[in-house]
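Got the viewer open and the side chains switched on? Let's walk through this one stop by stop, selecting as we go.

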Amino acid sequence: MEYRKLPRGNEKIGVLGLGMGGIQDAAPEEIQAVIERAIENGINFFDLCAGGRSVYEPFGRAICNEREKVYFQLHFGAVYKKSGEYGWSRNLKTIKSTFSWELEALQTDYVDFGFLHCVDEESDFEDIKKNGILDYVEELKKKGIVRHIGFSSHTPSVANKLLDTGVADMMMFSINPAYDLERGDEYGIGTTNERAELFRRCEKEGVGISVMKPFHGGQLLRDSTSPFRKALTKNQCIQYCLDRPAVIAVVPGVRGLSDLEELLKYPVSEQSERDYSIIGQFTPESAVGNCVYCNHCQPCPAGIDVGIVNKYYDLSLAGDKMAHDHYDKLRVKADACLKCGHCDKRCPFKVKQQDKMQKIAAYFGKGV
């Protein structure tokens, strides 16, 4: 398992996490077994939103002896009916009552990530401020009951408003090729560029991203339902998300042990099994010519990591002051380009990488 450090913290989080949103129909014994099996295989990051009341006690039993090794997200605004079904609320009293119950059921006295839940509309942003929800979560953080504040959203413009507050260490956002290439559903909000700019802003400001909906609700996994009319694999979708700026972990949902076993193929998969460059065939005109850091152009005869060079360049243009330092530490930089054209021929997104390397080398002051 690969682990990535939270920029505003010391936590090292596994790139493959688990969402509990689909496991509520499993027996308590299986829910507990899923969590234990996940931890055994290096998964240490979980999202408990939308799983229903039945998930909490088995989850608590599974982590009781592993609490310091496990990180999870609770959502302030996700609530549960007496029947156990998931719902949501902007009522502070209801949210406080739910949080108290969650801590008790989970047998813990703190939560790693306290998320402002589903802030998709400007009215949601106003409600969490007006109703005292944001103040409440900030108060919990001061007391150490919430270690990090985050939020979940599907909307770049609203997500930017949350980032403007400066309180967020983590953002949960919907990412997959369909959404980013403007071929998604009502949750795939924002243009290709708006979404890319949001991810780069998070990287610049040290806000980690946990990814929801990496498979587009399963639609990307079947020819018949994919908006591209060509199925992708789970490994391809996971790798695509992990290559976006600021992404710390991908958090797909599971329904039981069989789903978990399928996901556990990712950490041991070959690079060829993760290659998602096929999406270059589906790229809309608005995205043509933009490097998505897939490195399908590899191997570079000069040894340049073309994807990471492009990423540092894009981040630097977005204002990330650390990007220049990261670029300077690369063993092989853009100025090593041999102008052989190998990358131009292989790029599925029609990026003129040979010209781009010269431009990037000049930008970082190396010259070619």
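Select C340 to begin: how exposed is this cysteine? In this predicted model, C340 has 45% relative accessibility, so it counts as partly exposed. Now bring up C343 next to it in the selection. The C343 sulfur is the closest cysteine sulfur to that of C340, but at 6.2 Å it is too far for a bond; the cut-off for a disulfide is 2.5 Å.

Next, jump to C237. Is this one buried or exposed? C237 has 0% relative accessibility, so it is buried. How many disulfides turn up if you search everything? Zero, across the whole structure. C237 is no exception: the nearest cysteine sulfur belongs to C241, 6.9 Å away.

Now for a strand. Select residues 71-76, which make up β5. Why call β5 largely enclosed by the rest of the structure? Because six of its six residues are buried. Colour the two faces separately and you get Y71, Q73 and H75 on one side, with F72, L74 and F76 on the other. Both faces are covered.

Keep β5 on screen and add its partners:

- **β4, residues 45-47.** This strand runs parallel to β5, joined to it by three bridges. To see one pairing, pick D47 and look across to Q73, its bridge partner in β5. Then trace the chain onward from β4: it passes through helix α2 (residues 56-63) before reaching β5, a right-handed β-α-β crossover.
- **β8, residues 111-116.** Here too the pairing with β5 is parallel, this time over four bridges. Pick H75 and you'll find F115 of β8 opposite.

Stay around β4 and select F46. What does F46 touch, leaving aside neighbours within four places in sequence? Its contacts are L18, M20, I35, A38, I39, F59, V70, Y71, F72 and Q73. Several of those names come back at the next stop.

Zoom out to the largest nonpolar core, a set of 89 residues. The ones with the most contacts inside this core are L18, M20, F46, F72 and I209, so give those five sticks or spheres. Then show helix α3, residues 92-106: with six residues, α3 gives the most to this core.

For the last stop, select C297, Y312, A323 and C343. These are among the 19 residues of another core, lying apart from the largest one. And C343 should ring a bell: its sulfur is the one 6.2 Å from that of C340, where the tour started.

Conventions
Residues are numbered from 1 along each chain as its sequence is written. This is a predicted model: local features need pLDDT of at least 70, side-chain atom pairs count only at pLDDT 80 or more; totals for chains, interfaces and linings use all residues. Side-chain values use heavy atoms; hydrogens and water are left out. Buried means under 20% relative accessible area, exposed over 50%, partly exposed in between (1.4 Å probe, protein chains only). Two strands pair if DSSP finds at least two bridges between them. A crossover is right-handed if, with the strands pointing away from the viewer, the path from the first strand over the helix to the second runs clockwise. A nonpolar core is a set of buried Ala, Val, Leu, Ile, Met, Phe, Trp, Tyr and Cys residues joined through side-chain atoms within 4.5 Å. Contact means heavy atoms within 4.5 Å.
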